[in-house]
Amino acid sequence: RVMKTVKRMGIKTVAIYSTIDRNAPHVIFADEAIHIGDNPSNKSYLLGDKIIEKALELNVDAIHPGYGFLSENEHFAKAVEDHQMIFIGPGHKAIKMMGDKLAAKEAVKKFDIPMVPGIDQAVTDIKKAEAIANQIGYPVLIKAAAGGGGKGMRIVNSKEDIASQMERAISEALSAFGDGSVFIEKYVTSPRHIEFQI
């Protein structure tokens with residue numbers, strides 16, 4: 001969708017891809033495609049320095065970070081800006097505040113905005129996680145603090161599952177975002193997601 005828009009504007013596009021995505025639509029549609037690394041995201045799409053290096057080699061003017069991965073990474077956004085390229089998205093300061101879900105919750109507290117019940121700090125201890133879940137009441141949601149796009153999220157319906165789901169969420173968060181911090185909040189079973197991007 002983004003590439004279609006910029007092509008209509010007469011702007012050339014360069015896609016990056018991991019080995020498994022070599023035939024993905026964005027790769028085929030782009031004017032040029034660069035192999036960035038192997039399949040795990042920590043060996044491809046999370047390599048911010050390598051992405052910037054390739055962008056500079058190709059005289060790229062702007063980077064659209066896509067969704068997930070580095071799109072919510074303040075350090076990547078700042079590095080793009082520092083290399084005189086446009087980061088298509090929020091500035092690194094906004095990402096810093098809103099990219100970390102715990103920091104975001106802290107930022108909106110002072111505006112008296114109702115929030116889902118939960119803990120506002122990272123937790124790794126299983127016993128502490130169990131105590132929090134018992135206090136909130138099941139089902140609960142374990143969420144990656146640095147996460148986005150549904151990665152590092154686990155729904156837990158009972159006390160018996162909390163240990164295994166904590167381990168999975170931490171592992172997934174570490175792999176996807178390079179940060180294994182997770183927190184726990186009440187799982188809302190029938191939510192309506194309304195999001196404003198300014």
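This report walks through the overall build of the protein, its three-stranded sheet and a handful of individual residues.

## First orientation

The model is predicted, so local features are described only at pLDDT of at least 70 and side-chain atom pairs only at pLDDT 80 or more, while totals for chains, interfaces and linings use all residues. Residues are numbered from 1 along each chain as its sequence is written, and side-chain values use heavy atoms, with hydrogens and water left out.

Welcome to the protein as a whole: it has eight helices and seven strands. Both kinds of element are DSSP runs numbered from the N terminus, helices being H or I over at least four residues and strands E over at least two. The C-alpha trace spans about 55 × 35 × 30 Å along its principal axes.

Of the 198 residues, 34% are buried. Here buried means under 20% relative accessible area, exposed means over 50%, and partly exposed lies in between (1.4 Å probe, protein chains only). The protein exposes about 12,300 Å², and carbon and sulfur atoms supply 54% of that area. Accessible areas come from the Shrake-Rupley method with a 1.4 Å probe, and for residues only the protein chains shown count as cover.

A contact means heavy atoms within 4.5 Å. Among the contacts with a separation of 6 or more, 46% are between residues 24 or more positions apart.

## The sheet around β5

A good place to look next is the open sheet, where three strands follow the order β6-β5-β7 with antiparallel pairing. Strands β6 (154–156) and β7 (182–186) stand at the edges with a single partner strand each, so one side of each is left without a neighbour in the sheet. On average, neighbouring strands of this sheet are turned by 25° against each other, direction ignored. Two strands pair if DSSP finds at least two bridges between them.

Strand β5 (residues 140–144) is joined to β7 by five bridges, and to β6 by three. Val140 can be followed in both directions: Lys186 stands opposite in β7, and Val156 is its bridge partner in β6. Further along β5, Lys143 stands opposite Phe183 in β7.

How many residues of β5 are buried? Five of the five are, so the strand is largely enclosed by the rest of the structure. In a regular strand the side chains alternate between the two faces of the sheet. In β5, Val140, Ile142 and Ala144 are buried on one side, and Leu141 and Lys143 are buried on the other.

Two helices lie across β5 and β7. Helix α6 (residues 101–109) runs at about 55° to β7, and helix α7 (residues 126–136) runs at about 20° to β7. For these angles, axes are lines fitted to C-alpha atoms, for helices over the stretch in contact, and angles run from 0 to 180 degrees between N-to-C directions.

Pro139 is found in the loop between α7 and β5. The peptide bond joining Tyr138 and Pro139 is cis, with omega about 0°.

## Some residues to visit

The table gives the place and relative accessibility of three buried residues.

| Residue | Place | Relative accessibility |
|---|---|---|
| Ser18 | strand β1 (residues 14–18) | 1%, buried |
| Phe76 | helix α4 (residues 74–82) | 5%, buried |
| His92 | helix α5 (residues 92–99) | 19%, buried |

What do these residues touch, leaving aside neighbours up to four places away in sequence? Phe76 touches Gly48, Ile51, Ile52, Ile63, Leu70 and Phe87. One of these partners, Ile51, is 25 residues from Phe76 along the chain, and their C-alpha atoms are separated by 9.6 Å. Ser18 is in contact with His35, Ile36, Gly37, Asp38, Asn39, Ser44 and Tyr45. His92 touches Glu74, Ala77, Lys78 and Glu81.

Two loop residues are also worth a visit. Gln84 sits in the loop between α4 and β4 (86–87), and Asp112 lies in the loop between α6 and α7. Phi is positive in Gln84, near 60°, although the residue is not glycine. Asp112 is likewise a residue other than glycine with a positive phi, near 55°. Gln84 counts as exposed at 70% relative accessibility, and Asp112 counts as exposed at 70% relative accessibility.
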